[in-house]
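Visitor: Please take a close look at one helix of this model and at the residues and salt bridges that surround it. I should then like to see how the rest of the chain compares in the same kind of detail.

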Amino acid sequence: MSPDEVARLMDRPPLLAPAQDWRAAYVSARKVMDPLLLLATAAITLTVVRRLPDSVGPGHSTTYVGVSALVIASWLLIQSVVGVYERKLVVEGFEEYHRVVRAVIATVATVAVAAAASASSLSRLYLLLFFGIGATLLLGSRKLARRRLARIRHASAGGFNRVLVIGGARSARMLERAFRIHDREGYRVVGVWWPDPKAHYGPEFDILGSPVASYDRSHTLAQAVTGCRADAVIVTDTELLGNEGLKALGWALEGTGIDLLVSPNVVDVAGPRIHVRPVANLPLIHLDEPQYEGASRVGKALLDRVLAILGLLLASPVMLAIAVAIKLDDRGPVFYRSQRVGVGGQVFGMLKFRTMVVDAERIKAELTSDSDDASPLFKMREDPRITRVGRFLRRYSLDELPQLVNVLLGTMSVVGPRPPLPQEVETWEGGVERRLLVKQGMTGLWQVSGRSDLDWEDAVRLDLDYVENWSITRDLQIIWRTVRAVLSSDGAY
């Protein structure tokens, strides 16, 4: 872009209207609720401690009221300093919780230092209860607020960051696909601005079946932002703007309340592997290698064995009851051994409770044309081969409990890509075989992101995302999300 083009296109958008910025409303509510919760914490703590033996005596109650006021003021100040009330944290839920915990630790340290410096003999029980109750209320209130936000988003009633994409068609579709899979992040593409003079689109552009506003070089930045009421701008193709254009964009959005993000077009690489490092005064992105080997793999294997043993011990009564129910239903075999392809392309027998009629494979040939999916996978929402007991087992994923034996034997992992069929692997192309670099799992990103409702492309993308970025921490997060997904039974059939 020439300087004249930059000056013409990068005119300053108006300030974000308060009614439009739902993030500011969320932060304002937190700023009101947090002091009230901490006041309630002080009242509860004093009431509890005064009723216990060897507690704060009546004569010291006034002193502890003053101490509580100072602790609350310090706590709220520290939360502001560590950035608990930043608007961007409304989108980054985990980071908000992390900063609340940081503020708790910093406040505890501050109070401890102040007490030591003043030679004060504060009741340890009082402080323990105060910080324990306070932290629980602050984190719990945010959890409830985010659940309410999730319900609003699920009903499509708002609560999304409305994104204007500056870039090409492929990048815009890639972003929206990722946003839909990771719905909890709260982003939606509502418009695309095309700085490329070769791009010719009408007033609307189709993204995954939904029309969004489309703007070409005849529109300025202000017209594009206000036209689609965007509260975030994501640049996906920086070369189209050029260095001067990108800097001018940053200055144009400064102070408007509209977020500016730059996508490096690094697809399916998670945050822990991405580091921005200044080299020759340039912000270069460094990507760590995927951690397929070494101590992480040993730790994962140990975690798998521990979880498999605990799972088998805890689930054995349930598994016995399921086996009896299957046997009584149609007198057929209890287990079904399915041939799957594991790590390194090795075929293994995956155990499951039988959920279909005995001659299911023969009937499948007659139902191929009725598949609900055009991918190599055969899917039917109302599959007539599923038994009465099998339908219940599939709804809550109980048919997969025998796979704990596979995990114990080392042929599978608790978390990993979905175990593919041999005939499915034969159709793979374009790097999909990287799914076999790690052990296949009982659960994975596909399980917590839609299960059977996912189309083939999304399922593959999630599996490759896991392979590229797996870690023990991520495994634990997926296990927790799996419990929630199974209990809700969404996408299970």
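Guide: Leu128 is found in helix α5, and this residue is a convenient point of entry. The model is a predicted one. Leu128 counts as exposed, because its relative accessibility is 63% and the exposed class begins over 50%. Its C-alpha atom is separated by 9.6 Å from that of Val108, a residue 20 positions away along the chain.

The helix itself, α5, covers residues 124-154, and it is paired with helix α2, which covers residues 22-50. The axes of these two helices come within 9 Å and cross at roughly 150°. An angle over 145 degrees is classed as roughly antiparallel, and α2 and α5 are therefore roughly antiparallel to each other. The crossing in which α2 passes α5 is right-handed. As to the composition of this contact, its residues divide into 18 nonpolar, four polar and five charged.

Charged side chains also link α5 to helix α4. Glu96 and Arg146 form a salt bridge in which the closest N and O atoms are 2.7 Å apart. Glu96 lies in helix α4 and Arg146 in helix α5, so this pair ties together parts of the chain that are 50 residues apart in sequence. What is the exposure of the two partners, buried or exposed? Glu96 is buried, because its relative accessible area is 2% and the buried class lies under 20%. Arg146 counts as buried too, since its relative accessibility is 15%. The pair also belongs to a wider arrangement: Asp34, Glu96, Arg142 and Arg146 are linked in a network of salt bridges.

Helix α4, which spans residues 93-117, takes part in a further salt bridge. The side chains of Arg99 and Glu86 meet at 3.3 Å, N to O. This pair links distant parts of the chain, with Arg99 in α4 and Glu86, 13 residues away, in the loop between α3 (61-81) and α4. The two partners fall into separate classes of exposure: Arg99 is buried, with a relative accessible area of 10%, whereas Glu86 is partly exposed, with 34%.

These bridges may now be set against the rest of the chain. The structure holds eleven salt bridges, and another of them joins Lys352 to Asp399, with the closest N and O atoms 3.5 Å apart. Lys352 lies in strand β10 (residues 347-353) and Asp399 in the loop between α11 (388-395) and α12, so this bridge ties together parts that are 47 residues apart in sequence. Both Lys352 and Asp399 are buried.

Lys352 leads on to Gln403, a residue of helix α12 (residues 403-409). When neighbours within four places in sequence are left aside, Gln403 is in contact with Met350, Leu351, Lys352, Met412 and Met442. Gln403 is itself buried, because its relative accessible area is 3%.

The loop between α11 and α12, where Asp399 lies, is also the place of Ser397. Phi of Ser397 is near 60°, a positive value in a residue other than glycine. Ser397 counts as buried, since its relative accessibility is 10%. Arg331 likewise has a positive phi, of about 65°, although it is not a glycine. Arg331 sits in the loop between α9 (295-330) and β9 (335-341). Unlike the buried Ser397, Arg331 is exposed, because its relative accessible area is 63%.

A few totals place these details in context. The secondary structure of the protein comes to 15 helices and twelve strands. Of its 493 residues, 45% count as buried. Among contacts between residues at least 6 apart in sequence, 72% join residues at least 24 apart. The bridge between Glu96 and Arg146, with which the account of α5 was concerned, ties together parts 50 residues apart, because its partners lie in α4 and α5.

Methods: Residues are numbered from 1 along each chain as its sequence is written. This is a predicted model: local features need pLDDT of at least 70, side-chain atom pairs count only at pLDDT 80 or more; totals for chains, interfaces and linings use all residues. Side-chain values use heavy atoms; hydrogens and water are left out. Axes are lines fitted to C-alpha atoms, for helices over the stretch in contact, and angles run from 0 to 180 degrees between N-to-C directions. Helices (H or I, at least four residues) and strands (E, at least two) are DSSP runs, numbered from the N terminus. Angles under 35 degrees count as roughly parallel, over 145 as roughly antiparallel, 65 to 115 as roughly perpendicular and the rest as oblique. A crossing is left-handed if the near helix is turned anticlockwise from the far one by less than a right angle, and right-handed if clockwise. Ala, Val, Leu, Ile, Met, Phe, Trp, Tyr, Cys and Pro count as nonpolar, Asp, Glu, Lys and Arg as charged, and the others, Gly among them, as polar. Buried means under 20% relative accessible area, exposed over 50%, partly exposed in between (1.4 Å probe, protein chains only). Contact means heavy atoms within 4.5 Å. A salt bridge is a side-chain nitrogen of Lys or Arg within 4 Å of a carboxyl oxygen of Asp or Glu.
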